[in-house]
Amino acid sequence: MKRMLIFPLLLGLLALTGCNSDRTHASEESFFAMDTVMQFTVYGDDALLKDAQDVIADIEDKASVTNPDSELYAINRDGSGVLTGRAAELMEDTLSLCQRTDGALDLSIYPIVRAWGFTTGNYQVPEESTITDLLSHVDYNQVQYDVTTGIVTLPAGMEIDLGSTGKGFAGQQVAALLREKGVTSALLNLGGNVQTIGTKPDGSLWEIAIRDPKENVPMMVVSVNDQAVVTSGGYERYFEQDGQTYWHIMDPTTGHPADSGLRSVSIIGDDGLTCDGLSTSLFVMGLEKAAELWAQSDDFEAVFVTDTGEVYITEGLADHFALTEDYSDTPVNLIRR
Ligand code: ADP
Ligand code: MG
């Protein structure tokens, strides 16, 4: 059994030297938060890193599902409670993504995730009767959320989690703060959720590598400016039992790990939370439904890798996408509107 946390390799990082308040000075920090390793590179004053970490801590303090002092924990324990500040915003936006994806993203899947052991690392395949029982309480439509007061009320037996969107949201919130402080160049890696600000200091695009879901090597690179790149894959957290692989992305219709024919989904867009929530839910939907949702949308592009190693990219990425040298023979299919 393995528990793996893998984040994309970040290519082309230029560390330029300069004085500390200079916009070409790279301030860098690695730290553990939100159950993952975060790596921030901010071009500007070192003090900005502290501001960035304060934003992460604020979100985690309020929205952590495992910290008994968090607002979210109290809601799960008591069946109701209040979310404030950034946690309220995270809740509102996550709920609307649940609707947008028709429940492929469902914030009430948490008890199922726990039954499979993904919250603790005590992995197990639950009894089918247990899954059926827990699934009867999974339905984001039954979450009552009052956006004006922040009051959340859950039906008996339901528990919610904002983990599928939390890191994307956190990256977006840090980026907003840094932009406010005048930062024009930064690379924020929140455990595989990448958020960029502006371009590299030399004005060129950030090149973000996406790995081969089967092997931990870079398979392709997307070039972005001011956007988020978020990947969900079956390799991020999984266990093996009796020759079967079980991963942490759940299909809310079955209560089992999503088995839609996809191995990884990367979403590229302006809104980090949307990218994070869509990477999880398009993985659940499978290629055909995911492509339909993309065709009806104008706020993201996507890269899909299938079980058989085929690559599909949406047409808006065509000029910002390249395979790495080792994968140059891989056919790339273009998804058009
Ligand atoms: P990671 O957190 O590893 O980057 P994701 O962003 O894809 O991965 O989120 C996966 C997490 O979201 C899981 O660990 C689980 O807690 C939760 N989750 C799994 N399936 C779903 C789902 N269908 N809807 C909402 N949350 C989910
Ligand atoms: Mg996600």
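**Group meeting: the magnesium site and helix H2**

Asp276 counts as buried, because its relative accessibility is 5% and the cut-off for buried is under 20%. Before I go on, note that this is a predicted model.

Asp276 is part of helix H7, which runs over residues 272–285. Once neighbours within four places in sequence are set aside, its contacts are Ser164, Thr165, Gly166, Lys167, Gly168, Asn193 and Val230.

Thr280 is also a residue of helix H7. At 16% relative accessibility, Thr280 counts as buried too. Leaving out residues up to four places away in sequence, Thr280 touches Leu105, Ser164, Ser232 and Ile249. On helices in general, there are 3.6 residues to a turn of an α-helix, so residues three or four places apart point the same way.

Ser164 appears in the contacts of Asp276 and in those of Thr280. Is Ser164 buried or exposed? Neither, by these cut-offs: Ser164 has a relative accessible area of 22%, so it is classed as partly exposed.

Now the metal. Which atoms coordinate the magnesium ion, ligand 2? The donors are Ser164 (O), Asp276 (O), Asp276 (OD) and Thr280 (OG1), at 2.1 to 2.8 Å. Along the chain, the donors follow the spacing S-x111-D-x3-T. Ser164 sits in helix H6 (residues 163–180) and Asp276 in helix H7, so this pair ties together parts that are 112 residues apart in sequence.

Next, the record. UniProt, in an unreviewed entry, places the feature "binding site" at Ser164, Asp276 and Thr280. These positions span 117 residues in sequence, but no two of their C-alpha atoms are more than 6.8 Å apart, so they gather at one spot. From this set, Ser164, Asp276 and Thr280 are taken into the lining of the largest pocket. The annotation may be inferred rather than shown by experiment.

Last, another part of the chain: helix H2, residues 71–78. Which residues of H2 are buried? They are Glu71, Leu72, Ala74, Ile75 and Asn76. What covers these buried residues includes helix H1 (47–63) and helix H3 (85–100), along with strands E4 (80–82) and E6 (151–153). Just after H2 comes Gly79, which takes a positive phi of about 85°.

To go back to the site once more: Ser164, Asp276 and Thr280 supply the donors to the magnesium ion, and UniProt places its "binding site" feature at these residues.

Key:
Residues numbered from 1 in each chain as written. Chains lettered and ligands numbered in written order. Predicted model: local features only at pLDDT ≥ 70, side-chain atom pairs only at ≥ 80, totals over all residues. Heavy atoms only, no water. Buried < 20%, exposed > 50% of the residue type's maximum accessible area, 1.4 Å probe, protein only. Helix = DSSP H or I, 4+ residues; strand = E, 2+ residues; numbered from the N terminus. Contact = heavy atoms within 4.5 Å. 1 Å grid on protein atoms, 1.4 Å probe; cavity = no way out; pocket = protein on both sides within 12 Å on 5 of 7 lines; lining within 4 Å. Donors = N, O, S within 2.8 Å, 3.2 Å for Na, K, Ca; no water.
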